[in-house]
Every structure is written in C-alpha cells, then in structure tokens.
Amino acid sequence: MRILVTGGAGFIGSALVRHLVRETDHSVVNVDALTYAGHPSTVAPVAGSDRYAFEHVDVADAAEVARVFREHAPDAVVHLAAESHVDRSIDGPADFVRTNVVGTYTLLEAARAHRDRLSGGAADAFRFVHVSTDEVYGTLGESDLFTETTPYAPNSPYSATKAASDHLARAWHHTFGLPVVTTNCSNNYGPYQYPEKLVPVVILNALRGRPIPVYGSGQNVRDWLFVDDHVRALVRVLERGAPGETYNVGGHNERTNLDVVETLCGHLDRLAPERAPDGGYGSLVEHVRDRPGHDFRYAIDAGKIGRDLDWTPDETFESGMERTVRWYLDHADWCETVLRDRYDLERLGAAA
Ligand SMILES: NC(=O)c1ccc[n+]([C@@H]2O[C@H](COP(=O)([O-])OP(=O)(O)OC[C@H]3O[C@@H](n4cnc5c(N)ncnc54)[C@H](O)[C@@H]3O)[C@@H](O)[C@H]2O)c1
C-alpha cells in the first residue's frame, strides 16, 4: 500500500512514518509544511529508504495538495498535520483555523477527487484516516469516561478547530461516500515530542535547573498513552477500521498533571542525579497561573477499539515515562536543534 501521511515530520506523524517504513512493506509519502513543530530530523532514521518520499507542502494549499495526489496516487491517507498546542491556540488561533479546518477540507476534497479517478476495487479499498483528539468532547467530572457517542463540546480554540475538522470528515463520508475513519486519542507522550508540551517541558526545565511550571493546582487529569501504542492503533484502524466509524484511543492511564511531574522528577533523580539540585528535581516545581479555560479531566473508554479491532496498549505509564526520560537524556542535541531560534521554553497561552 502507498500511504500518504500528513504531518509526518511532527511527533506522532514521525513515529507512524518510522514504524511504517521499518516494520511494514508499505510505502510512505510524508506531506509536511515543516512549521516550528515539524523537523526533518524526526524522520532521518528512515529518510534514505526507497519506500519513503517527502513533500514539503502546506495541506491548505489546494493546488499543491492536488499535485501530490496526482503524482503519488496513494491507496490511503492518514491525516495528522495540525496545529496541535492548546496554549498556542490561545495566543494565536488563526493558524489553527487555517491548518486544522481549511487544511482538512482541502485534503478531503483532494482525496475525493482522487478516489473518483480510481477503479472499483481500488476505490472501495481507499481509506482516509482522520486523526483527532479526545479534547473535542470537552471536560469530564470525577468519574465518567468519553465514549464514541459523547456529545462534542470543545472548549479551547485548538479543540474547536479539531472538532470542526471531525465534522467535515464525517460529512465527506456521509455525503460523498469517502471511506473516512476517525480516531479520537488521549494525550500522547514519548520520543521526538516538541519541547512545548508537558512531558518534555518538565524534563528540559528540570535538566536546566529552571523552575518546572505546573498550571494552577496541578490536579487536572489526563489519560496518557505512549506514542508507539497510538501508532499501532492507527495502523489497526487503517487496516481494519470500518468506514464511517470513529474509534476512541486511550491508555487507561489517568494521572493528574502533578502525578506526571512527580513521576518524571523521580526518574530524573535516579537517571541524572549529578545534575539534580539540592532536594531533588521535585524542588524545582512552581505552581503558576492556570491556563484560561483549562479542562478539568479527560479519560477515554477504549472498549470499542479493543473489541472491534483487537487493540490494547503495550506500554504501562511507568515503563513509558521511564523510556521517555531516557530518550530525552540521550537526545539533548535533538532538543537543541528543534528549539534553536524557535522557542525557549517560555510560558505560552497565559493571557485570557
Ligand atoms: N499530541 C497529542 O497528545 C495528540 C493527541 C491526540 C490527537 N493528536 C492529533 O494528532 C496529530 C499530530 O499531533 P502531534 O502531537 O504529532 O503534532 P505536532 O505539532 O508534533 O506535529 C504537527 C505536524 O504537522 C505539520 N503541519 C502543521 N501545519 C501544517 C500544514 N498547514 N501543512 C502541512 N503540515 C503541517 C507540522 O510541521 C508538524 O510536523 C494532530 O492532528 C493532533 O491533533 C495529538
């Protein structure tokens, strides 16, 4: 199969690209605009493969996207390109509307035109996997779970644009018969995550001896999934998911943000004791003003993808977090490269 992956130079997209090239026989066309969050180094380990091609293209550029479909004639699309950071969506929502909404619309239209040119069997087999987030469902109380039928109630500019893109994907299936499958996944962590999200921000600030910022009380709950488990879920959905269906993907790993920070500091105390301040890395924790509109809790019921597609996560929270800390300790150069002239770990999204 020739798979067009959008956002394949980002965190999850690059993990998918590396997996597809290394572990499967599929070919990959990586379509990425290389924004601040995308970097060629994330796919360098597989970039030399003859089953890998790169297209430096903005998904909202209709002419370029149409060219890519004509030239590469993909059998499937896995759409991950997005502006993905909630804090940045508070500071500047325009890019989120453009990429997440207009970009998804542009891809859906190009995929529809491409599929219309395919013959019967190839047209039936074509898939468009739309990768989304559990944040579209809004916020939970203490104990309930998101299911595939939970009503959409996005609260941030980021989640609102992702919700809009999910609705477009749904409509292109129902109205035009495009074989779309949508996934809504919980918080990912692991190697190559841009150091603006909680896990790498904590690790890098700690190693620099800087304050580790915790928003508000730190009691907000997220459901954490190791990125390679998400990648296996996406491949399962691509190969076996039913068109028109949505699948929630989650790790059954609910933790408060403060739990996550303390776990990371514990691993750092053990793995990098020579750089620890007196009192350990945990002594660097500093509670800062909460994120405006901060959702209290997300948690996924991943029963459907377990039952229907036989997917469960491999990694536990403890083993995945330890692997992640080790990876960042071993890849300080990568962090410096992707941060240089782009971002210096400063607070984003604090203004209401
Ligand atoms: N990170 C998570 O925890 C998480 C959880 C659930 C769902 N998701 C979804 O998964 C997808 C990937 O998330 P991520 O964390 O890897 O994001 P990321 O920010 O690390 O990567 C996004 C990639 O998209 C590219 N991109 C951005 N705008 C583009 C455009 N206009 N045209 C082409 N490429 C563009 C960037 O260059 C980058 O390589 C997103 O759709 C996100 O909403 C993420």
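**Close-up 1. Polar contacts between the ligand and Gly10, Phe11 and Lys162.** In this predicted model, a polar backbone atom of Gly10 is 2.9 Å from an oxygen atom of the ligand, and a backbone N or O atom of Phe11 lies 3.0 Å from an oxygen atom of the ligand. Lys162 takes part through its side chain, one polar atom of which lies 2.7 Å from a ligand oxygen. On its own the ligand has 840 Å² of accessible area, and the protein covers 96% of it.

**Close-up 2. The shell of residues around the ligand.** The shell counts 28 residues, and those that come nearest to the ligand are Ile12, Asp32, Ser84, Tyr158 and Lys162. Sorted by class, the shell is made up of 14 nonpolar, 11 polar and three charged residues. Two or more residues are given by each of helix H1 (11-23), strand E5 (127-133), helix H6 (157-176) and strand E7 (187-189), and E5 supplies the largest share, with three residues. According to the unreviewed UniProt entry, residues 4-323 are annotated as "domain: NAD(P)-binding"; over this stretch the chain is 41% helix and 17% strand, and its end C-alpha atoms stand 29 Å apart.

**Close-up 3. The salt bridge between Asp314 and Arg232.** The structure holds 20 salt bridges, and in this one the closest N and O atoms are 3.5 Å apart. The pair links distant parts of the chain, 82 residues apart, with Asp314 in the loop between helix H10 (303-309) and helix H11 (317-330) and Arg232 in helix H8 (residues 227-240). Asp314 is exposed, at 59% relative accessible area, whereas Arg232 counts as partly exposed at 24%.

**Close-up 4. The salt bridge between Glu245 and Lys304.** Here the closest N and O atoms are 2.5 Å apart, and the two residues again belong to distant parts of the chain, Glu245 in the loop between H8 and strand E10 (246-249) and Lys304 in helix H10, 59 residues apart. Glu245 is partly exposed, with a relative accessible area of 33%, while Lys304 counts as buried because its relative accessibility is 14%, under the limit of 20%.

**Close-up 5. A salt bridge within helix H11, between Glu322 and Arg326.** The closest N and O atoms of this pair are 2.8 Å apart, and the two residues are separated by four positions, about one turn of the helix. Glu322 is partly exposed at 22% relative accessible area, and Arg326 also counts as partly exposed, at 40%.

Note on methods: Residues numbered from 1 in each chain as written. Predicted model: local features only at pLDDT ≥ 70, side-chain atom pairs only at ≥ 80, totals over all residues. Heavy atoms only, no water. UniProt positions renumbered as here; feature names shortened; annotations may be inferred. Near = heavy atom within 4 Å. Polar contact = N/O pair within 3.5 Å; in protein donor to acceptor, adjacent residues only side chain to side chain. Areas by Shrake-Rupley, 256 points an atom, 1.4 Å probe, with all protein chains shown as cover. Nonpolar A, V, L, I, M, F, W, Y, C, P; charged D, E, K, R; others polar. Salt bridge = Lys/Arg side-chain N within 4 Å of Asp/Glu carboxyl O. Buried < 20%, exposed > 50% of the residue type's maximum accessible area, 1.4 Å probe, protein only.
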